[in-house]
Amino acid sequence: MRSSVEETPDHCAIEFAMEMLGGRWKLAILKQLVAGTHRFGELRRALPGITQRMLTRQLRELEADGLVTRTVYREVPPRVEYALTDVGHSLDSITEELDKWGRWYRETVRREAPSGPRPPV
């Protein structure tokens, strides 16, 4: 079980952040939601390889952590939309930088020897 914010020592803040954002899909989901509100099916199509069960689980955890809101519209058929909260939007620049770094790494370092160039500063 995850520690609460109050129980996390100051020197472990990055570990706490990694507990909240760690895993294969959470940052990818947040990156999709930076662009705006999405329905479940849109997120699933935008993230090939994620299962319905995993997407549901990750969205629930992000919602429980206050990063994502889930809005249910009472219509037929029911419509559910996910969006970032203000706290979730505080991660916009982080997800953008990680996306840039991942693209740089994939295009530069993985094509070169293990001692490839250092990332731009």
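**Close-up 1. Helix H1 and its two sides.** Let us start on the face of H1 turned away from its buried side, where the exposed residues Ile14 and Met18 sit. This is a predicted model, as are the views that follow. Which residues of H1 are buried? They are Phe16, Met20 and Leu21. Looking down the axis of H1, these buried residues stay within an arc of 120°, so they line one face of the helix. Their packing partner is H2. Just past the end of H1 comes Gly23, with a positive phi of about 105°.

**Close-up 2. Where H1 meets H2.** Here we look at helix H1 (residues 13-21) together with H2; their axes come within 8 Å and cross at roughly 75°. That crossing angle makes H1 roughly perpendicular to H2. Which residues meet here? From H1 come Glu19, Met20 and Leu21, and from H2 come Lys26, Leu27 and Leu30. Sorted by class, this contact has 4 nonpolar and 2 charged residues, with no polar ones. Two of the H1 residues in this view, Met20 and Leu21, are also on the list of buried residues of that helix.

**Close-up 3. The buried side of H2.** Four residues of H2 are worth finding in this view: Lys26, Ile29, Leu30 and Leu33, the buried residues of the helix. They cover an arc of only 100° around the axis, which puts them on the same side of H2. After H2 the chain reaches Gly36, whose phi is positive, near 140°. For readers who like to check backbone angles, most residues other than glycine have a negative phi.

**Close-up 4. H2 crossing H4.** At what angle do the axes of H2 and helix H4 (residues 52-64) cross? The angle is roughly 75°, and the axes come within 10 Å. Since angles of 65 to 115 degrees count as roughly perpendicular, H2 is roughly perpendicular to H4. On the H2 side, the contact is made by Lys26, Ile29 and Leu30. H4 brings Leu55, Gln58, Leu59, Glu61 and Leu62. By class, the contact of H2 with H4 has 5 nonpolar, 1 polar and 2 charged residues. Lys26 and Leu30 may look familiar, as both also take part where H1 meets H2.

**Close-up 5. Helix H6 and what covers it.** Helix H6 (residues 92-109) has 18 residues, and at 1.5 Å a residue it should span 26 Å; its end C-alpha atoms are 25 Å apart, which agrees. Which residues of H6 are buried? Thr95, Trp104, Thr108 and Val109 are. What covers these buried residues includes helix H2 (26-34). Asp99 also belongs to H6. With a relative accessible area of 23%, Asp99 is partly exposed, because buried means under 20% and exposed over 50%. The C-alpha atom of Asp99 is 9.4 Å from that of Leu27, although the two residues are 72 apart along the chain. Leu27 appeared earlier, among the H2 residues that meet H1.

**Close-up 6. A cis peptide bond before Pro77.** Our last stop is the loop between strand E2 (68-73) and strand E3 (79-84), where Pro77 lies. What kind of peptide bond joins Val76 and Pro77? The bond is cis, with an omega of about -5°. As a general reminder, most peptide bonds are trans.

How values were computed. Residues numbered from 1 in each chain as written. Predicted model: local features only at pLDDT ≥ 70, side-chain atom pairs only at ≥ 80, totals over all residues. Heavy atoms only, no water. Expected span 1.5 Å × (residues − 1). Buried < 20%, exposed > 50% of the residue type's maximum accessible area, 1.4 Å probe, protein only. Contact = heavy atoms within 4.5 Å. Axes fitted to C-alpha atoms, helices over the stretch in contact; angles between N-to-C directions. Parallel < 35°, antiparallel > 145°, perpendicular 65-115°, else oblique. Nonpolar A, V, L, I, M, F, W, Y, C, P; charged D, E, K, R; others polar. Arc of directions from axis to C-beta.
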